[in-house]
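Let's start with one spot in this model and work outwards from there. Have a look at it first.

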Amino acid sequence: MNPADKVEKWSIDKLIPYARNSRTHSDEQISQIAASIKEWGWTTPILVDEQGGIIAGHGRTLAAQKLKMTEVPVVIAKGWSDTKKRAYIIADNKLALNADWDHEMLALELGELGDLGFDLDLIGFAVNENLEFPSPENDTDDDGDSKYSKKIDAPVYEPTEDCPQIVELYDKDKYEELTAKIYQDDSIDSEIKDFLLAAAARHIRFDFEQIAEFYAHAPPDLQQLMEDSALVIVDFDKAIAGGYVKLSQNISEIYASEKGEAQ
């Protein structure tokens with residue numbers, strides 16, 4: 001029988017970790033898995049044998065324990081030999097590692113999710129994490145040419161003739177909903193209330209395409225304030241120095257090289 005044909009709910013105390021599991025799970029990763037379960041629920045049951053021995057899902061089990069869950073969904077590998085179970089424990093982890101990323105598409109997706117206000121920690125990426133792109137020196141095609149462009153082309157926005165209204169630049173609905181609740185709760189200490197109000201600003205969603213358009217029509221003094229607020233990036237070097245842009249070491253070296261050639 002295919003294990004995935006039937007999902008059961010088992011007491012978490014019934015599950016037995018594999019003593020020779022070669023895959024490790026840091027406290028940080030367990031916390032990320034726990035946060036993922038809270039956000040999306042259980043999307044992948046734990047694979048166990050008839051006795052409750054964990055074959056796949058050690059990390060999810062630890063996360064469930066962290067969340068103090070008493071029951072977890074499982075699928076049962078019935079009739080599997082000891083050799084088959086031991087091999088799958090390794091295969092389940094290794095096969096996923098053999099996949100690669102489409103870095104351009106990943107950066108696009110993460111950027112848009114971040115702009116929409118989604119917490120990237122929930123999918124395993126920190127907000128300020130640098131994506132490591134393959135080294136151009138070690139990744140060439142059959143002709144010996146690099147598969148990746150060494151040129152760093154920052155996107156340049158071409159303004160139109162229409163200047164958007166301020167209300168089109170950002171969405172404050174979630175922010176205003178939170179601040180209303182905070183203001184209405186008289187039991188909250190004023191110092192804590194100030195902290196929560198500051199945190200609520202994280203839920204303001206900015207439309208950077210509209211902001212770029214507005215910037216193009218703004219007077220110089222307002223443009224400078226928008227640059228200082230990192231709403232737009234005009235001076236790439238200043239953005240790096242100010243911490244608004246972070247580069248991996250490899251990309252940083254390429255940027256420095258290209259900049260030197262241009263001077």
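Q: Which strand does Y170 lie in? Please take a close look at that spot, then show me what else is worth seeing in the chain.

A: Y170 lies in strand β5, which covers residues 170-171. One thing to keep in mind throughout is that this is a predicted model.

How covered is Y170? Its relative accessibility is 31%, so it counts as partly exposed, since that class runs between the cut-offs of 20% and 50%. Y170 also has company at the surface: together with I166, F206 and F208 it forms a nonpolar patch. The accessible area of these four residues comes to about 330 Å² together.

Now let's zoom out. The chain has 263 residues, and 25% of them count as buried. Its secondary structure comes to 10 helices and 6 strands. The accessible surface of the whole chain is about 18200 Å², with 51% of that belonging to carbon and sulfur atoms. If you take the contacts between residues with a separation of 6 or more, 70% of them join residues 24 or more positions apart.

Next comes the sheet. Four strands make up an open sheet, in the order β1-β4-β2-β3, and the pairing is mixed. At the edges you'll find β1 (8-11) and β3 (54-56), each pairing on one side only. On average, neighbouring strands here are turned by 55° against each other, ignoring direction. In general, strands of a sheet pair through backbone hydrogen bonds, and they can do so parallel or antiparallel.

You can see both kinds of pairing if you follow β4. With β1, β4 runs antiparallel, and 4 bridges join the two. With β2, β4 runs parallel, and the two are joined by 3 bridges. For a residue-level view of the parallel pair, find L47, which stands opposite V75 in β4. On the antiparallel side, K9 has P73 of β4 as its bridge partner. β4 itself is mostly covered, with 5 of its 6 residues buried.

S11 makes a nice stop along the way. S11 sits in strand β1 and stands opposite E71 in β4. Those two residues are 60 residues apart along the chain, yet their C-alpha atoms are separated by 4.4 Å. If you set aside the neighbours within four places in sequence, S11 is in contact with T70 and E71. With a relative accessible area of 32%, S11 is partly exposed.

Two helices lie across this sheet. Helix α2 lies across β2 (46-48), β3 and β4, running at about 115° to β3. Helix α3, made of residues 82-97, lies across β2 and β3, and runs at about 40° to β3.

Just past α2 there's a residue with an unusual backbone. K68 is found in the loop between α2 (58-66) and β4 (71-76). Its phi is positive, about 60°, although K68 is not a glycine. Most residues other than glycine have a negative phi. K68 counts as exposed because its relative accessibility is 72%, over the 50% cut-off.

Finally, the charged side chains. The count comes to 5 salt bridges. One of them joins E8 and K6, at 3.8 Å from N to O. E8 has a relative accessibility of 23%, so it counts as partly exposed.

Another salt bridge joins D82 and R86, at 3.9 Å from N to O. D82 and R86 are separated by about one helical turn, because they are 4 residues apart in helix α3. R86 is partly exposed, with a relative accessible area of 38%.

Helix α5 (residues 173-184) holds a salt bridge pair too. K181 and E177 are 4 residues apart in α5, so about one helical turn separates them. Their closest N and O atoms are 3.8 Å apart. K181 counts as exposed at 52% relative accessibility, whereas E177 is partly exposed with a relative accessible area of 40%.

How values were computed: Residues numbered from 1 in each chain as written. Predicted model: local features only at pLDDT ≥ 70, side-chain atom pairs only at ≥ 80, totals over all residues. Heavy atoms only, no water. Patch = residues over 30% accessible without salt bridge, like charges linked within 9 Å, V, L, I, M, F, W, Y side chains within 5 Å. Areas by Shrake-Rupley, 256 points an atom, 1.4 Å probe, with all protein chains shown as cover. Buried < 20%, exposed > 50% of the residue type's maximum accessible area, 1.4 Å probe, protein only. Pairing = 2+ DSSP bridges. Axes fitted to C-alpha atoms, helices over the stretch in contact; angles between N-to-C directions. Contact = heavy atoms within 4.5 Å.
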